[in-house]
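Me: Could you take a close look at one part of this structure for me? I would like to see how a single strand fits in with its surroundings.

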Amino acid sequence: MQLTPRELNRATLARQLLLRRESLTAADAVRCVVALQAQHPASPYLALWNRLSGFDPADLDAAFTGGEVVKATLMRITPHAVHVDDYPVFRAAMQPTLYASRLGYRFAAAGLTPADAGELVPELVDFADRPRTATELEEWLERRLGAEKRAGAWWGLRSYAPLWHLPDGGPWAFGARPSYVASRAAFTPTGRQTDPKAVQDLVLRYLAGFGPASVADVAQFAMVQRAHVREALHALDGAVERIQGPGGTPLFDIPGAPRPSADTPAPPRLMAMWDSVLLAYADRGRVIPEDYRPLVTRRNGDVLPTLLVDGHVAGVWRPVEGGIEATAFHELSPEAWDGLAAEARALTTLLADREPLVYGRYGHWWDKLPDARVRILPGRADS
């Protein structure tokens, strides 16, 4: 069996609940799609709005507050929202990456070593057994290490230590002044050692949410070394199947996972900034046409909110007074514009009670876009 690019696209959309909105709880949906990029607090909410029928932001508020969904530094060393049951496995699989990326540079520049981290993390976990503000944690480090090492130590440990962000009542649950609590279940003093079982579990979870995929795709998703991914796939022989992708690229998948036909309709969507479907693959052409990738993913790593038309990125969007400004990179059919207009009306309703001009701080990127087709899609009739 050799899959076509369009079949791969439809498989991704099916796993990511983007072929139709589903009736799931917020927590179950997060588990289904594996992880939601949470670099901007609004993005997990907009991601679920795109995927769930009748989505109420209060449902995700409750999942965060009740601890069913947690926000922590994980994949690609950025904040993600994941189901609480997945966190220990993801954290263990990410441990060597976090070790290598966060116990050097500023942490080392402060005169600290990985051995120091090995001593500090258990103590920090004990101190953060109840909610602590970032300031409280920095002050604890200052008492422990001295003022000159405070900033560097916190830079490394806020990502390396098993800390969850705590909701603080902002418009999207998390505000500009984060608080944290430690996850004892995820604490493991393994340092740079790889946990083979955790990597295997991560591979299975990834394939369930994003497969079929290559070794490079899995490694891209979590910044896990390709050698460890290959070892995990070898150990999972029988639990995963090998198939051919476009050009004969070897791909892996879970037997029986959804793979809709290439002609399956894909409805238009207004995707969140940093939506996982745009970041989960080494070959991002599965969803983003190559010519559009530099327009959507800026040099500093910002990934703009996108128009998804027929399963592929077709432009970008942003809220403006009176509705949604949609910038299309190519001609769209009247039917596509009608679908996007319906999405815009629903989105402005969602945003009205939270943050009508969400992502406003990123508006400067629109000045750098080439000439394109721009429409204002009106919001709610009463807006």
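Reply: Happy to! Let's start with a pairing: Leu163 has Ala182 as its bridge partner in strand 6. Strands here are DSSP runs of E with at least two residues, and helices are runs of H or I with at least four, each numbered from the N terminus. This is a predicted model, where local features need pLDDT of at least 70, side-chain atom pairs count only at pLDDT 80 or more, and totals for chains, interfaces and linings use all residues. Residues are numbered from 1 along each chain as its sequence is written, and side-chain values use heavy atoms, with hydrogens and water left out.

Strand 5 runs antiparallel to strand 6, with four bridges between them; two strands pair if DSSP finds at least two bridges. Strand 4 (residues 132-133) is also an antiparallel partner of strand 6, over two bridges, and here Arg132 is bridged to Tyr180.

Now for the faces of strand 6: Ser179 and Val181 on one side are buried, as are Tyr180 and Ala182 on the other. Buried means under 20% relative accessible area (1.4 Å probe, protein chains only).

Tyr180 also leads us to the largest pocket, since it is among the residues nearest the centre, with Gln39, Pro79, Arg158 and His165. A pocket is an open set of points on a 1 Å grid over the protein atoms alone, where a 1.4 Å probe fits, with protein on both sides within 12 Å along at least five of seven lines; lining residues have an atom within 4 Å of a point. Strand 5 (163-166) and strand 6 (179-182) are among the elements that each supply at least two lining residues, while helix 9 gives the largest share, four residues.

Terms used
Buried means under 20% relative accessible area, exposed over 50%, partly exposed in between (1.4 Å probe, protein chains only).
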